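Q: Please take a close look at the empty spaces in this model, the pockets and the cavities, and at the place where the ligand sits. I would like one connected account that says which parts of the chain form the walls and what chemical classes they present.

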Amino acid sequence: MAQTRGQFSSKIGFLLAAAGSAVGLGNIWGFPTQAASNGGGAFLLVYLVLAFVLAYPALMAELTIGRYARANVITALESLSEKPGLRRAGWLSGSAAVAVAIFILSFYAIVAGWMLSEFLSPLAAQLGAGATESWLDSAGFARNALVCAIMSGLTIAIIARGVEKGIEAWSTRLMPLLFAILLGLIIYVLTQAGAGRGLAAYLIPTPSQLLDPQLILSALGQAFFSLSLGVGTMLIYGSYLRDTDNLPRMGVSVTLLDTGFAFTAGLLILPAIYVADARGIAVFNDTGGLIAGPDLIFQVLPALFDTMGSAGAWVAIAFFALMSIAALTSAISLLEVPVSVCVERWKISRPRAACLSGGAIFAISLLIIWQFEALFNTVITVTTVYGQPLLGVALCVFAGWVMQRNQLLNELSKGHPEIEKTVFWKIWPFYVRFICPALILLTFVQSLR
Ligand code: TRP
């Protein structure tokens with residue numbers, strides 16, 4: 001099977017694909033708004049520490065298991081041991097990971113669809129298609145279903161093309177574009193009145209908040225979501241890495257790209273909020289906190305773009321193009337989780353597997369759109385608050401306890417013969433065995449109180 005499996009053709013291809021998975025709505029929307037409502041610079045600092053101290057070791061667990069087993073998450077976890085009990089545990093955890101990936105994608109595709117409609121609507125206005133514009137702004141079932149269908153269709157089309165021609169090729173095209181749009185928008189927003197106050201709110205920490213448990217909890221959840229951990233996306237991407245690639249360094253680069261992007265996105269969103277404030281748009285809620293979440297993206301920012309005159313429409317188009325692209329490169333990594341299972345375990349051809357899994361997930365999305373009040377937030381909570389941390393612990397346990405020390409060492413030395421002498425090797429095996437599971441569980445238990 002080794003020859004027929006896809007592989008990333010270059011380091012940069014893998015990096016852009018993994019960064020494409022990691023950089024998504026979580027970075028451009030989640031991170032800046034969480035930072036804004038949790039003490040600005042304090043959140044940023046805690047987030048950076050947790051990303052490297054906890055999320056990076058967990059990311060390494062996934063990449064290492066993936067490349068060692070060279071298989072989808074279920075087969076990979078099953079194959080780590082000969083013992084029937086452990087194989088069963090591997091099967092169960094792997095299946096749970098696939099289920100969580102499926103449900104994360106089902107809500108992610110809905111939000112991605114909203115981004116697309118916010119992108120298409122000012123575009124329609126520019127083209128003089130007024131009726132289309134108001135339909136796109138209508139937010140009804142039909143609109144939400146259609147834009148979600150388009151995003152799901154694009155995701156399926158890319159995944160159907162495989163690792164190199166689909167995931168790698170499209171990530172390589174879209175990620176630089178994403179960065180260029182982000183930089184362009186930052187430069188524009190920073191020249192507007194009020195931006196300086198936003199920068200200050202973002203970059204200057206409130207020291208008293210540094211040890212606030214709620215802040216630490218939000219930062220950890222944010223780091224895990226942002227690095228796409230716990231559901232096997234990074235595991236499957238790791239399984240497409242070449243043996244000659246240096247895993248610890250790849251992991252560091254992905255973590256740096258992800259946190260770097262989140263940080264840079266903060267330089268856009270926070271100043272934009274204060275520019276909106278300077279223009280008289282309501283940006284604080286009744287309790288004095290910043291408006292965050294959907295209201296920020298779909299009300300505050302569009303209201304801000306409206307005040308920018310003729311440039312505003314183009315700024316809006318660029319901003320929501322940015323969001324749509326970021327969402328797309330993340331969505332493909334989620335779809336790859338079930339698709340790789342279908343291809344490798346059930347021998348279904350990749351295009352068929354992509355259509356079947358993607359179609360089934362779209363059906364779930366439709367159900368959520370239809371029963372929105374009852375389902376949307378529940379699905380998000382169950383998958384990201386419960387599913388991801390628990391599976392994250394499971395993956396660390398598999399890497400730390402089920403894989404043998406020499407298996408780990410062998411795998412890690414492949415692209416890095418001197419690994420035994422590095423600080424990484426002196427610390428990491430201990431870390432995935434004890435520190436990561438314990439700290440993740442601790443924060444998880446905290447969050448339930
Ligand atoms: N990390 C992406 C973001 O920040 C979303 C994402 C992609 C994800 N794959 C994932 C989240 C797997 C959790 C698990 O938007």
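A: Helix 13 makes the greatest contribution to the lining of the second largest pocket, giving 7 residues. The model is a predicted one, and in it this second pocket holds about 480 Å³ of space. Its lining numbers 23 residues, and those nearest the centre are Glu118, Ser121, Asp137, Phe298 and Pro302. Besides helix 13, the elements that give two or more residues to this lining are helix 5, helix 6 (130-136) and helix 14 (309-346). Sorted by class, the wall of the second largest pocket consists of 12 nonpolar, 5 polar and 6 charged residues.

The largest pocket has a volume of about 1000 Å³. It is lined by 34 residues, and Gln34, Gln222, Phe225, Ile380 and Thr384 are the closest to its centre. Six helices each supply at least two residues of this lining, namely helix 2 (25-37), helix 5 (84-126), helix 10 (213-226), helix 13 (293-306), helix 16 (372-402) and helix 18 (423-448). The largest share belongs to helix 16, with 9 residues. In class terms the lining of the largest pocket comprises 19 nonpolar and 15 polar residues and no charged ones, whereas the lining of the second largest pocket does include charged residues, 6 by count.

The enclosed spaces come next. Rolling a probe the size of a water molecule over the atoms shows where empty space is left. Counting those of 30 Å³ or more gives 3 cavities, and the largest cavity contains about 140 Å³ of space. Its wall is made up of 18 residues, with Ser21, Ile104, Phe225, Ser228 and Leu334 lying nearest the centre. At least two residues of that wall come from each of helix 1, helix 2, helix 5, helix 10 and helix 14. The lining of the largest cavity divides into 8 nonpolar and 10 polar residues, and no charged residue takes part.

It is in this largest cavity that the ligand sits. Around the ligand there are 17 residues, and the ones that come nearest are Ala22, Gly26, Tyr108, Phe225 and Gln388. The elements that each supply at least two residues of this shell are helix 1 (11-22), helix 2, helix 5, helix 10 and helix 14. By class the shell has 7 nonpolar and 10 polar residues, again with no charged residue.

Three polar approaches to the ligand can be described atom by atom. A polar side-chain atom of Tyr108 is 2.7 Å from an oxygen atom of the ligand, while a backbone N or O atom of Ala22 is 3.0 Å from a ligand oxygen atom. On the nitrogen side, a backbone N or O atom of Phe225 lies 2.9 Å from a nitrogen atom of the ligand. The ligand taken alone exposes 360 Å², and the protein buries 100% of that area. Phe225 therefore recurs in this account, being among the residues closest to the centre of the largest pocket, among those nearest the centre of the largest cavity, and among those that come nearest the ligand.

Methods: Residues numbered from 1 in each chain as written. Predicted model: local features only at pLDDT ≥ 70, side-chain atom pairs only at ≥ 80, totals over all residues. Heavy atoms only, no water. 1 Å grid on protein atoms, 1.4 Å probe; cavity = no way out; pocket = protein on both sides within 12 Å on 5 of 7 lines; lining within 4 Å. Points joined across faces, edges and corners; volume = space filled by probe spheres on them. Helix = DSSP H or I, 4+ residues; strand = E, 2+ residues; numbered from the N terminus. Nonpolar A, V, L, I, M, F, W, Y, C, P; charged D, E, K, R; others polar. Near = heavy atom within 4 Å. Polar contact = N/O pair within 3.5 Å; in protein donor to acceptor, adjacent residues only side chain to side chain. Areas by Shrake-Rupley, 256 points an atom, 1.4 Å probe, with all protein chains shown as cover. Sits in = over half its atoms within 2 Å of the grid points.
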